[in-house]
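Q: Please examine one buried part of this protein closely, and set it in the context of the interior around it.

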Amino acid sequence: VTSVYTKLLVKISLFKDVTRVHSTDFEVHRNWLAITHSLPVSRWYHENTSEWTLDYPPLFAWFEFGLSHVAQHFDRNMLLVENLNYDSPATVLFQRLSVIFTDLVFIFAVRECCRCVQEQKGSRDILNRPSFVLAVLLLWNFGLLIVDHIHFQYNGFLFGFLLLSVAKHLQSRHLQGALLFALLLNLKHIYLYVAPAYGIYLLRSYCFTQDNKDGSISWRSFSPLRLIALGSIVGSVCALSFGPFIAMGQLPQVLSRLFPFKRGLCHAYWAPNIWALYNILDKVLVTLGVRLKLLQEAELPRASMTGGLVQEFQHSVLPSITPSITLVCTLLSILPAAASIWWRPGGARGFLRCLLLCALGSFMFGWHVHEKAILIAILPLSILAVESREDAGIFLVLTTTGHYSLFPLIFTPAELPIKAVLMLITLSNQITDSLLSGPVSLLHPLESVYLLGLVVVATACEIVFPLSPWQQKLPFLPLLVTSVYCSVGVTYSFLRLYVSLLRRDEKPKQL
């Protein structure tokens, strides 16, 4: 309880500082408030006065519609569609308060997850209790602080649904878990990343009620009634969300907003995934090709040599990547995890491990991935990290690199002190090693060296680079270095999670 109150006080104390700078997402959600409040439903997904058009599923649009009726008591002018980039003090106050208030869903979800953690026998020290450590890791996740309270989004509210759904499955309340996830999908479709884990797990471990003695599936135990129950839950939520737009014949328009495949392979700032490594490899090959006179610089696409981090990225040496290629790569990356929970279910924790691999596989190989999507893996991994030393080591690498990769979201000079404090917190994540008592360090020596390398990266990007002549010639270089360096850690964590999945038959070393 003390941790919750302290966190709320910290968020409120940030008002004076973080509201001086508004991210594009701040205007995105203000515009969505205006659209849903001022326009009829039939125009929600057609309105394009602002470039930040409504591109979340309909259930989130209804969520904005509800918020708008509270917002009108703060400042009605924020609800005018034509008031682009409107940021009156009352508007800022409402937007920030709305995030804090909806974080109550996340806080409740953390409480439910802590109830599912396997506690150590005979441990009386609260610092050694996995449930306490889990509460700290989730409630004080500064990735959420960056993306929600500085950059401005409602991820805490959405992750609350995800964690609450996971908790319900850990508690064997599968219908409730399915309902919560169906609601989440209709709030933000990025959670399609983990939908395969839900679908296969519920079919295998809920619709089939028994296994054979050797652990194989008993086909005769299939329950049509359970499948109908699941289908009814998912179908009802989707009908509630999309039904009005289907009735108006607007489903194609809504889907075109949800899946804008005309955007480039990478976001403006490369997410730290396999495509960042692929892009940098292409740039290295281009540079070598030009210097060895194997390539003519004048014939190369401009972005490959001078454009930096752009959305439309055309490769010069390596084959260019299309949406279909990313889809195939993503499916192949999650296939072993999906097959694992079908043939070796492993209960709800096997499902949770599959969910993590689906999240990371989609992050690693997806099309136009946002850097913030790394939190879909970091937050659920916290649950496994407090129960297993191996998972705790993976968690330290993933959470440190994943969170550091979010730092470019706060890029103004005024926010440098915030980044410095967060950097210290990032590196101090190794304190988890002492909280989760054990005779051996959670990190291998090379892993520790890699994480300490983030200090070098931060110093070079935040202090050295702004004072160098490269700032004018290569303004995108700090973003590129950050993305590529963090990509190594995220890729390593992904591979280690897969190794742990293949070794799951062995009894894990407990904390």
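A: Buried means under 20% relative accessible area, exposed over 50% and partly exposed in between (1.4 Å probe, protein chains only). Helices (H or I, at least four residues) and strands (E, at least two) are DSSP runs, numbered from the N terminus. The model is predicted, so local features need pLDDT of at least 70 and side-chain atom pairs count only at pLDDT 80 or more, whereas totals for chains, interfaces and linings use all residues. Residues are numbered from 1 along each chain as its sequence is written, and side-chain values use heavy atoms, with hydrogens and water left out.

The part chosen is helix H6 (residues 130-139): eight of its 10 residues are buried, so the rest of the structure largely encloses it. The buried residues of H6 are Pro 130, Ser 131, Val 133, Leu 134, Ala 135, Leu 137, Leu 138 and Leu 139.

As for the wider setting, the protein chain has 23 helices and zero strands, and buried residues make up 55% of its 511 residues. The largest nonpolar core (buried Ala, Val, Leu, Ile, Met, Phe, Trp, Tyr and Cys residues joined through side-chain atoms within 4.5 Å) has 141 residues, and Phe 106, Phe 159 and Ile 376 have the most contacts inside it. Helix H16 (residues 347-365) gives the most to this core, with 13 residues. Both domain 1 (1-258) and domain 2 (274-505) give residues to this core, so it lies between them; the domain bounds come from an automatic or database domain assignment.
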